[in-house]
Each structure stands twice: as structure tokens, then as C-alpha cells.
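This report goes through the model by region, and gives the cut-offs behind each term where the term comes up. The sequence and the structure are shown first.

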Amino acid sequence: MQTATFEALLTPAGAALLAEATAAYGREDEFALGTRLRRSHPGELVAAALTQARLRARAADKFEPADAARMFFTVDGYEQATRVAVARHRASRLAAASGAGAAVADLCCGIGGDLVELARAGLAVTGVEADPLTAAMAAANVAALELTDAARVECGDATAVDRTAFAAVVCDPARRGSRGRVFDPGAYRPPWPFVLELLAATACVKVAPGIPHDLLPGGVEAEWVSERGEVKEAALWSGGLAPGGVQRRATLLPSGATLTDRDDPGPVVRPLGGFLYEPDGAVIRAGLVTAAAALVGGGLVDPSIAYVTADDAVATPFARGYRVVDTLPYDVKTLRRYVREQGIGILTVKKRGVGVEPEKLRAAVRPQGDAVATFVVTRVAGKATVIVAEPLPQGV
Ligand SMILES: C[S@@+](CC[C@H](N)C(=O)[O-])C[C@H]1O[C@@H](n2cnc3c(N)ncnc32)[C@H](O)[C@@H]1O
């Protein structure tokens with residue numbers, strides 16, 4: 001979309017058209033809706049309004065639905081925006097560390113996913129975005145969500161911003177190239193040396209969860225964040241935003257439960273007990289599996305595998321618990337016989353640390369019957385083993 005077309009959507013006539021398209025989208029056939037709207041509006045504007053209506057419907061998944069229905073998106077801007085729960089967590093941590101009303105820069109603000117939550121957390125935010133259409137949308141989102149007292153947007157190069165007036169800086173570099181997502185921090189925009197420059201002062205920089213630990217600068221806290229068990233991002237906190245000397249942290253949303261390297265007694269490997277625990281992805285990415293093991297009074301089943309075993313069922317948000325029902329050698333004939341004898345028809349196969357394809361194994365053991373089971377294929381004392389596991393109720 002051209003910036004001029006977007007600006008036309010913000011005029012009273014454009015806004016009325018967009019409101020009509022947003023309200024009708026999903027209730028009326030899109031082709032029929034477009035045809036109807038084109039009878040009284042220019043085709044280009046109708047196309048832009050329908051694109052916004054489509055993105056708003058999609059964005060209800062990432063933002064509060066009431067916000068999504070009022071916001072503006074480019075496809076890239078939507079896809080790169082921080083999910084609301086994660087943005088809220090970041091903003092509240094930043095506001096707690098910086099104090100109410102502190103001036104913060106959101107360098108690379110995109111369409112404003114983080115920006116609006118920083119403003120809502122009581123910070124005075126300046127968003128900076130290089131792409132003119134995206135910057136215009138961020139400004140429109142600030143206005144649509146009635147946050148103009150707390151947030152403003154500038155179109156420009158984040159690397160050229162004078163940062164002296166800000167108590168802290170947030171930066172979410174673009175991690176996409178012409179061929180899709182980039183995983184190498186060397187390909188971030190702005191580039192990694194700029195990120196390091198920010199982290200030498202007081203900053204929070206969002207990075208990909210797969211960032212290698214050896215790239216993390218000294219004195220910086222890396223926080224991996226998951227939402228409902230799915231890892232969403234890592235954020236690097238520095239200076240006044242990371243005062244506790246923590247190097248690695250795992251935070252689980254929506255609960256906000258958090259675990260750090262300070263809770264980690266180091267590796268303990270032990271024989272398989274009556275219970276098995278599968279740590280949350282953020283705990284695994286943060287290298288804190290042994291900290292989660294300590295919480296359940298357990299240890300690792302194998303020094304290099306992220307499964308924990310313990311003698312007791314302990315409620316922890318940091319790992320999914322299972323009762324160990326049986327232990328079998330990893331041998332297809334043995335497993336097939338077990339499945340037949342137990343009448344297992346609904347079989348979940350999980351694996352870690354072994355070259356097994358869960359779908360192929362599932363098919364090979366021919367599940368049939370009414371019983372439900374979970375096979376966890378992993379290495380125990382160096383041997384490929386199948387642990388028959390029964391999930392504990394959530395919260396145990
Ligand atoms: C990952 S997105 C930011 C998403 C944002 N945090 C949100 O929640 O909506 C990164 C943005 O950085 C912008 N960008 C890349 N290099 C930039 C630069 N040097 N100055 C300003 N913006 C830049 C891109 O145009 C893109 O919109």
C-alpha cells in the first residue's frame with residue numbers, strides 16, 4: 001500500500017469505509033463485500049480497507065481483539081510485531097526499573113506492538129521507524145488507541161538517534177531478509193554492532209530465541225520468554241534494567257513465573273524415578289533444566305538431554321509432569337507387543353536425544369484399541385529407552 005492510500009484511509013470518508021469493511025469482514029463473503037463497497041468508493045481505497053479488515057481479523061490472535069479491530073497493519077508489520085502478553089511483560093519490567101513517566105526510546109518500533117504497551121505501562125515513549133508507511137501506521141495506532149499523551153513516532157534511522165535524553169532504550173531489530181527470517185544476528189537490521197553499542201548502556205533488545213549463548217555480551221541478562229508453553233522470544237537486558245547480576249532467565253507467561261541461573265545448583269544426573277518432567281521451552285533455551293530439576297528434587301535422565309526425573313510428583317510451572325508407568329527397550333517388536341497387550345489406540349510419541357521419527361514409530365507399532373498412552377523415547381543411562389508416561393493433571 002502507498003502511504004498516500006493509507007492517509008486516505010485516515011480521512012473521515014476513509015475511516016467510515018474501513019469501519020464498514022471491518023464490521024462486515026468475516027460475516028459477508030469477501031468478494032461480495034468488495035463489490036458492494038466499490039459501488040460507492042474508489043477501488044484502490046476499497047482494496048486497502050479490505051486488506052486492513054483482513055489483517056485486523058488475523059491480528060485478534062496476537063493483540064487484544066478490541067485493539068486489533070482499531071489498529072493498522074502491514075503484513076510484515078503484523079508478522080514482526082511482539083505479541084501483547086510478551087510486550088506487556090517487557091513494558092512492565094521496564095517501567096518498574098525506570099520509574100513512572102521515564103523517557104524511553106523504542107528504536108525500530110514497527111507498527112507499534114511494543115510501543116503501545118510501553119505507553120500503557122506509564123512510560124513516555126518515542127518510537128523510531130525507518131519505513132515511512134510502517135511509521136505512519138505506528139503513529140495511527142498510537143492515535144487509535146488514545147495514547148498520544150504518552151507516545152509519539154518519528155520516521156528515521158534508529159542508528160542516528162541521539163539517545164542522551166532517554167533513561168532507557170528498547171530495540172527490536174528486523175530479523176528478516178529478502179528470503180524470509182534470518183537467524184544470524186550478523187544479518188539483523190540495524191546490525192549487531194549497533195545492538196552491542198546499545199547494550200553497553202541501559203537497554204532492552206529483542207533477539208531470536210535461538211541466539212547462541214556464546215554471542216551474549218558479558219554483564220547482560222538474557223531472558224527467554226514463553227507464552228502457554230511456546231517460546232516466543234529472547235530479550236537482552238543491560239545497565240539499569242539488569243541490576244541483579246543474573247545472566248540467564250526463563251519467564252513463563254501468562255503467570256510471569258521466572259527462574260534464573262541463580263536458582264541453578266548445576267547438573268545432577270540420576271537413575272529414572274517414578275516421575276518424569278519435560279521442562280518448558282524457555283527453561284530449555286535458557287539452559288536452566290537443572291534449575292527446574294532442583295525445584296522438583298530431581299536430576300537429569302542423561303547429562304545431555306532435557307528430561308528430568310524425580311521420585312515425587314511436584315507441582316511446578318516450569319515443567320510438565322508425567323508418572324512413569326513402564327520402561328521398555330527401544331525395540332519395535334517389543335513396543336508393538338506392548339501396544340497390542342495394553343490395547344493402546346491413542347498413542348502420543350515424544351522424543352529427545354535419539355534419532356527417532358515419532359510418526360514412523362507410531363505407525364510401526366500399529367496402535368489399536370481404546371487405551372491412551374504416551375511414549376517418551378530418549379536415552380537413559382546411555383541406552384535408547386521408551387518411557388511409558390502418563391501426564392499428571394495440570395498444576396501437579
Ligand atoms: C521487528 S520489527 C519491530 C516490531 C515492533 N517491536 C512491534 O512490536 O511492532 C523491526 C522494525 O525495524 C525497522 N528498522 C530496521 N532498521 C531500522 C533502522 N535502522 N532504523 C529504524 N527502523 C529500522 C523495520 O522497518 C521494522 O519495521
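## Helix H7

In H7, the buried residues, meaning those under 20% relative accessible area with a 1.4 Å probe and only the protein chains counted, are Val84, Val86, Ala87, His89, Arg90, Ala91, Arg93, Leu94 and Ala95. Helices and strands are here DSSP runs, numbered from the N terminus, with H or I over at least four residues for a helix and E over at least two for a strand. H7 covers residues 84–98, which is 15 residues, and its first and last C-alpha atoms are 20 Å apart, close to the 21 Å expected at 1.5 Å a residue, where the expected span is 1.5 Å times one less than the number of residues. After H7 comes Gly99, with a positive phi near 95°.

The model is predicted, so local features need pLDDT of at least 70 and side-chain atom pairs count only at pLDDT 80 or more, whereas totals for chains, interfaces and linings use all residues. Residues are numbered from 1 along each chain as its sequence is written, and side-chain values use heavy atoms, with hydrogens and water left out.

## Helix H4

Helix H4 (residues 43–59) has 17 residues and should span 24 Å at 1.5 Å a residue, which agrees with the 24 Å between its end C-alpha atoms. Its buried residues include Leu45, Val46, Leu50, Gln52, Leu55 and Arg56. The buried residues of H4 pack, by contact (heavy atoms within 4.5 Å), against helix H1 (3–10), helix H2 (12–24), helix H3 (30–38), helix H5 (65–68), helix H6 (75–80) and helix H9 (132–144).

## The ligand and its shell

The ligand is surrounded by 20 residues, with a residue counted if one of its heavy atoms lies within 4 Å, and the closest are Thr82, Asp114, Glu129, Ala158 and Asp172. By type, the shell divides into nine nonpolar, six polar and five charged residues, where Ala, Val, Leu, Ile, Met, Phe, Trp, Tyr, Cys and Pro count as nonpolar, Asp, Glu, Lys and Arg as charged, and the others, Gly among them, as polar.

A polar backbone atom of Thr82 lies 2.9 Å from an oxygen atom of the ligand, and a polar backbone atom of Ala158 lies 2.8 Å from a ligand nitrogen atom. Taken alone the ligand exposes 610 Å², of which the protein buries 92%, the areas coming from the Shrake-Rupley method with a 1.4 Å probe.

## Asp172

Asp172 sits in the loop between strand E4 (168–171) and strand E5 (176–177), and counts as buried because its relative accessibility is 12%. Leaving aside neighbours within four places in sequence, Asp172 is in contact with Gln80, Thr82, Leu107, Cys108, Asp114 and Lys206.

Definitions and conventions. Polar contact = N/O pair within 3.5 Å; in protein donor to acceptor, adjacent residues only side chain to side chain. Buried < 20%, exposed > 50% of the residue type's maximum accessible area, 1.4 Å probe, protein only.
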